[in-house]
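Subject: The structure I promised you

Hi,

Here is the structure we talked about, with some notes on what turned up when I went through it. Have a look at it first, then read on.

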Amino acid sequence: MTDTPLLELRNITKSFGSVQALAGVDFEVRKGEVMALVGDNGAGKSTLVKCVAGTHEADGGQIFFDGQEVHIHGPKDAARLGIEVVYQDLALCDNLDVVQNMYLGRELNRFQILEEATMEQQTAKTLKSLAVTTIRSVRQPVATLSGGQRQSVAVAKAVQWNSKLVLLDEPTAALGVAQTEQVLALVRRLGEQGLAVVLISHNLNDVFETADRITVLRLGKSVGVFERRNTTQQAIVEAITFGAPAKAVEE
Amino acid sequence: MTSADVIGQDKRPPVDPEEELPGGFAGLRARAWLNLRTGNLGPAPIIVGLAVTVAIFGLTATNFFTATNFANLITESAGTAMLAYGVVFVLLLGEIDLSIGYLAGIGALIVAELQLPGSSWQMNGILAMLIAVIVCALIGGFQGSIVAYVGVPSFVVTLGGFLIWQGVILNKLEQRGTIIIQDRWINYTDSYFFSHWIGWVIAAIVTALYPISVLYKAITARGTHIAQVNPVIFAARAGGLAIVAFGIVGISNHAKVITTSLGLPLAGVILVVFLILLTFLARWTTFGRHVYAVGGNAEAARRAGINVPRIRVLVFMISGATAGIGGIIFAAQVNSVALTFPPGNLLLNAIASAVIGGVSLFGGRGEVRGALLGAVLIGTLQNGLNTLNVSNGWIYIITGLVLLFAVTLDTFAVRLQKRSGR
């Protein structure tokens with residue numbers, strides 16, 4: 001784990017009409033770390049992710065990626081930097097198989113003719129490297145997978161592209177206990193493999209099981225950054241609900 | 001954190017993704033069970049349906065099982081099948097195109113006008129057909145762009161097209177009644193028959209295509225799932241294809257009009273060529289993959305960076321082009337374009353063909369070959385009932401019941417697939 005952040009946000013603001021969704025957010029995530037982003041509904045978690053992913057453009061503030069200031073105007077800019085997002089409502093096509101979904105929109109082709117063999121081999125390799133072992137066949141339609149397996153495919157799809165930063169928006173929201181474990185294990189593995197991971201979650205149990213550090217957002221502002229090892233769920237809940245005094249922040 | 005691999009397990013034991021179903025007959029049973037359980041029936045129901053239909057008519061109708069009637073069946077079904085090919089792509093997107101019946105009429109009208117002997121613009125029939133198909137594709141693309149960029153539902157846009165193109169045909173033909181087509185190239189599309197030995201050569205080429213494609217995959221995709229084919233299934237498919245191809249040519253070669261011997265109809269070859277081309281487009285190209293993706297989950301496709309409106313426009317262009325080609329074939333069948341065009345229930349028969357052929361109305365599921373099988377089933381049904389002197393009313397009723405049955409089966413298949421995904 002290096003100390004210079006891979007992604008650093010300074011004083012990010014974003015308004016929708018008269019509603020200020022982000023009122024000056026500072027945020028950072030380092031390589032090889034799982035940073036959780038928590039906060040109540042409307043705290044600005046999703047908006048922040050969308051600003052990084054290029055779905056929204058921030059009104060003000062600075063974004064630094066790998067030490068360089070960058071401007072993210074659209075999803076393509078984000079993808080070029082190596083930023084991938086796994087959305088809450090899985091962006092998978094049920095009718096397509098695992099391989100087809102992994103390469104959706106970026107199919108390997110020669111003169112527009114699909115290179116199925118290479119795509120299949122690469123998919124198997126990616127899944128293996130992430131220890132996703134429960135998928136019976138990479139040629140199985142996604143419709144026949146369980147919720148956990150589907151989420152695993154969505155995550156694998158995001159890391160397939162030499163991405164450096166993966167943002168996960170509520171990856172366990174719709175999953176059962178065993179499947180949640182499966183996905184959280186996968187999230188930890190991403191961090192172990194040196195990626196920077198941002199995990200957005202409502203579920204503090206999930207957060208405490210996976211995250212290295214926790215950023216709390218409240219009313220469009222960052223309340224504080226907590227080391228998981230040195231904090232408790234109680235402290236986080238207080239920060240989420242009331243905001244925390246600055247001295248409680250650990251750096 | 002280190003025990004990730006243990007935690008990562010589902011209830012089921014982990015299976016190596018490389019592992020495949022066992023080979024030979026044991027694998028066959030396992031695969032059949034898996035497909036049945038997951039609602040992945042493929043073309044099986046329609047092939048069974050076709051076999052049953054043929055058997056019933058063979059036993060009851062005296063002049064159904066004749067070589068000449070068989071050749072008729074091909075030339076009669078060709079136009080519908082051509083339209084149904086386009087319908088497959090539109091349905092794959094989860095859209096509908098109601099304009100194709102009269103768009104086929106526009107295609108026929110354009111070739112009829114352009115070949116008109118004595119007119120200042122008279123041109124070669126091949127050029128006329130090319131222009132007609134391009135115009136129909138552009139019309140389809142125009143309708144598709146209203147769907148894709150403006151966001152008007154395809155049902156409404158193409159319903160508008162349905163009325164507009166019907167009106168154009170009425171305006172054009174109300175005074176003149178019928179335009180006779182004399183150009184031989186145009187008429188050949190539904191009335192040219194290959195000589196016997198060329199028919200056999202074509203059968204041999206078509207038969208060879210399947211093993212060649214399997215071999216190609218086995219070489220280029222060594223060690224992957226797509227390269228694996230169960231030898232029993234391979235033998236059954238290759239054998240079945242050979243029987244069908246040589247059977248069609250063999251029977252067609254016995255067809256006669258009075259004393260003139262016919263042969264394999266060009267219309268049948270056109271159908272097979274487009275079947276291969278469009279299947280290639282749907283299954284082997286990025287465009288085809290994107291069509292399935294948009295039909296499966298348009299939002300996911302958009303997020304994956306696929307230009308969804310562009311795909312929609314192109315699909316409606318395909319639908320327009322196949323309608324134009326189908327229209328030309330229909331015009332060639334009667335060597336003219338009349339006010340009564342399109343014949344019968346062309347639009348509904350074309351959509352029914354695709355649906356009976358297993359193309360889902362909900363988008364994302366289906367194959368081009370399904371349209372051909374569906375059109376052949378409908379053609380056989382209507383041809384057989386005709387030879388039995390069944391009234392038109394009953395022909396519609398029976399076609400409708402078959403359609404209803406096919407869609408019900410499809411809905412069950414979708415439900416099974418959802419359930420197997422838990």
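Let's start in chain A, with helix H8 (residues 233-242): it lies across strands E3, E11 and E12 of chain A, and runs at about 25 degrees to E11(A). Keep in mind throughout that this is a predicted model.

The strands under that helix belong to an open sheet of 6 strands in chain A, in the order E6-E9-E10-E3-E11-E12, and the pairing is mixed. At the edges sit strand E6 (83-86) and E12 of chain A, each of which pairs on one side only. From one strand to the next, the twist averages 20 degrees. If you want one pairing to look at in detail, take E11(A) and E12(A): these two run antiparallel and are joined by 6 bridges. A handy place to find it is A:Leu217, whose bridge partner in E12(A) is A:Ser222.

Another helix packs on this sheet too: H1 (residues 45-53) of chain A touches strand E3 (34-39), E6, E9, strand E10 (196-200) and E11 of chain A. The direction of H1 makes about 150 degrees with that of E9(A).

While you are in chain A, two backbone oddities are worth a click. Most residues other than glycine have a negative phi. A:Leu219, though, has a phi near 50 degrees, a positive value in a residue other than glycine. You'll find A:Leu219 in the loop between strand E11 (213-218) and strand E12 (221-227) of chain A. Is A:Leu219 buried, exposed or partly exposed? It has 15 C-beta neighbours inside 10 Å, so it counts as partly exposed.

The other one is A:Glu170, which is not a glycine either, yet has a positive phi of about 45 degrees. A:Glu170 is in the loop between strand E9 (165-169) and helix H6 (177-192) of chain A. With 18 C-beta neighbours inside 10 Å, A:Glu170 counts as partly exposed as well.

Now over to chain B, where I looked at two helix pairs. In one of them, helix H6 (residues 125-150) and helix H7 (residues 154-176) of chain B have axes that come within 9 Å and cross at roughly 150 degrees. Because of that angle, H6(B) is roughly antiparallel to H7(B). The crossing in which H6(B) passes H7(B) is right-handed. Which residues make the contact? From H6(B) they are B:Gln143, B:Ile146 and B:Val147, and from H7(B) they are B:Ser154, B:Val157, B:Thr158 and B:Gly161. Sorted by class, that gives 3 nonpolar, 4 polar and no charged residues.

The other pair is helix H11 (residues 266-284) and helix H16 (residues 368-387) of chain B, whose axes are 8 Å apart and which pack at an angle of about 150 degrees. That angle makes H11(B) roughly antiparallel to H16(B). On the H11(B) side you have B:Leu271, B:Leu275, B:Leu278, B:Thr279 and B:Ala282, and these meet B:Val368, B:Arg369 and B:Leu372 in H16(B). This contact has 6 nonpolar, 1 polar and 1 charged residues.

One last stop in chain B. Most peptide bonds are trans. The one from B:Phe341 to B:Pro342 is cis, with omega near -5 degrees. To find it, go to the loop between strand E4 (336-338) and helix H15 (346-356) of chain B, where B:Pro342 sits.

Cheers

Methods
Residues are numbered from 1 along each chain as its sequence is written. Chains are lettered from A and ligands numbered from 1 in the order in which they are written. This is a predicted model: local features need pLDDT of at least 70, side-chain atom pairs count only at pLDDT 80 or more; totals for chains, interfaces and linings use all residues. Axes are lines fitted to C-alpha atoms, for helices over the stretch in contact, and angles run from 0 to 180 degrees between N-to-C directions. Helices (H or I, at least four residues) and strands (E, at least two) are DSSP runs, numbered from the N terminus. Angles under 35 degrees count as roughly parallel, over 145 as roughly antiparallel, 65 to 115 as roughly perpendicular and the rest as oblique. A crossing is left-handed if the near helix is turned anticlockwise from the far one by less than a right angle, and right-handed if clockwise. Two residues are in contact if their C-beta atoms, placed from the backbone, lie within 7 Å. Ala, Val, Leu, Ile, Met, Phe, Trp, Tyr, Cys and Pro count as nonpolar, Asp, Glu, Lys and Arg as charged, and the others, Gly among them, as polar. A residue is buried if 20 or more other C-beta atoms lie within 10 Å of its own, exposed if 12 or fewer, and partly exposed in between; C-beta atoms are placed from the backbone. Two strands pair if DSSP finds at least two bridges between them.
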